[in-house]
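Subject: Structure for your review

Dear colleague,

Please find below the sequence and structure that I am handing over to you. My findings follow directly after it.

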Amino acid sequence: MTDESSVDIEIRLKELDIDCHFRQAKIRQSANMKDVMQLRDVSVRGDLQQRVHEINGPKALELAAEKRMRELLDGHLMDLRAQSNVQSLDALRGQFLHREWTYLKATYPTMHREAEMAAEKMLIRLERETDEKRRRQRGKN
């Protein structure tokens, strides 16, 4: 390996690190999971793959993406908890499942399962509460 190619690799590593830091900032501002996943994917090719461990950027990028996905998921679950009727909860749950949580499946399967189970529990709880209210109202009439 020549000094020239070594300098070239160093420059490309610095550029990759800068790109990762830029992407981290964009991830923190992302409003949906699709954007986070797109920003998370940084391509490292050729001789950079062997030396990528020398910079912190890719690992920090991965951590930032996971943290943002968790924040977005927590926001979605809060939105679901705010629903007061079964139809709106089920509709919002379906929307999150198909438009947002799909991006969790491959990379964060545990988070995806957790989201599905929490949403299902909320739906069951709200259905039970709605049934109990109906029974009480029938009993009063």
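Ala115 is buried, with a relative accessible area of 0%. This residue belongs to helix H6. Please bear in mind throughout that the model is a predicted one. Beyond its neighbours within four places in sequence, Ala115 is in contact with Leu73, Leu77 and Trp101. Trp101 lies 14 residues from Ala115 in sequence, and the two C-alpha atoms are 7.8 Å apart in space.

Overall architecture

The protein contains 6 helices and 0 strands, so that the order of elements from the N terminus reads α-α-α-α-α-α. Its radius of gyration is 22 Å, whereas the globule rule gives 14 Å for 141 residues; the protein is therefore more spread out than a compact globule. The C-alpha trace spans about 90 × 20 × 20 Å along the principal axes.

Of the 141 residues, 33% are buried. The protein exposes about 9,500 Å², and carbon and sulfur atoms account for 49% of that area. If one takes the contacts between residues at least 6 apart in sequence, 73% of them join residues at least 24 apart.

Packing of the helices

Three helix pairs deserve a description, beginning at the N-terminal end.

Helix H1, formed by residues 3-29, packs against H2 at an angle of about 175°, and their axes are 9 Å apart. The two helices are therefore roughly antiparallel to each other. On the H1 side the contact is made by Arg23, Lys26 and Ile27, and on the H2 side by Val36, Gln38, Leu39 and Arg40. By class, these residues comprise 3 nonpolar, 1 polar and 3 charged.

H2 also packs against H3, at an angle of about 175° and with the axes 10 Å apart. Since an angle over 145 degrees counts as roughly antiparallel, H2 is roughly antiparallel to H3. H2 contributes Met33, Val36, Met37, Leu39 and Arg40 to this contact, while H3 contributes Leu61, Glu62, Ala65, Arg68, Met69, Leu72, Leu73 and His76. The contact of H2 with H3 has 9 nonpolar, 1 polar and 3 charged residues.

The third pair consists of helix H4 (residues 86-99) and helix H6 (residues 109-140), which pack at an angle of about 170° with their axes 10 Å apart. H4 and H6 are therefore roughly antiparallel to each other. From H4, the residues Val86, Leu89, Asp90, Arg93 and Leu97 take part; they meet Glu116, Ala119, Glu120, Met122, Leu123, Leu126, Glu127 and Thr130 in H6. This contact of H4 with H6 divides into 7 nonpolar, 1 polar and 5 charged residues.

The loop between H2 and H3, and its contacts

Helix H2 covers residues 33-40 and helix H3 covers residues 57-81, and Glu54 is placed in the loop between them. Arg51 is also placed in the loop between H2 and H3. Which of the accessibility classes applies to Arg51? At 16% relative accessibility, Arg51 counts as buried, because the cut-off for that class is under 20%. Glu54, by contrast, has a relative accessible area of 42% and is partly exposed.

With residues up to four places away in sequence left out, Arg51 touches Ser6, Ile9, Glu10 and Leu13. On the same basis, Glu54 touches Glu10 and Leu13. Glu54 and Asp17 are 37 residues apart along the chain, and their C-alpha atoms are separated by 9.9 Å.

Glu10 itself is found in helix H1. Its relative accessibility is 30%, so Glu10 counts as partly exposed. Not counting residues up to four places away in sequence, Glu10 touches Arg51 and Glu54. Glu10 and Gln29, in turn, are 19 residues apart in sequence, and their C-alpha atoms are 29 Å apart in space.

In brief, the predicted model has 6 helices and 0 strands, and it is more spread out than a compact globule. The pairs H1 with H2, H2 with H3 and H4 with H6 are each roughly antiparallel.

With kind regards

Terms used:
Residues numbered from 1 in each chain as written. Predicted model: local features only at pLDDT ≥ 70, side-chain atom pairs only at ≥ 80, totals over all residues. Heavy atoms only, no water. Axes fitted to C-alpha atoms, helices over the stretch in contact; angles between N-to-C directions. Helix = DSSP H or I, 4+ residues; strand = E, 2+ residues; numbered from the N terminus. Parallel < 35°, antiparallel > 145°, perpendicular 65-115°, else oblique. Contact = heavy atoms within 4.5 Å. Nonpolar A, V, L, I, M, F, W, Y, C, P; charged D, E, K, R; others polar. Rg over C-alpha atoms; globule rule 2.2 N^0.38 Å. Buried < 20%, exposed > 50% of the residue type's maximum accessible area, 1.4 Å probe, protein only. Areas by Shrake-Rupley, 256 points an atom, 1.4 Å probe, with all protein chains shown as cover.
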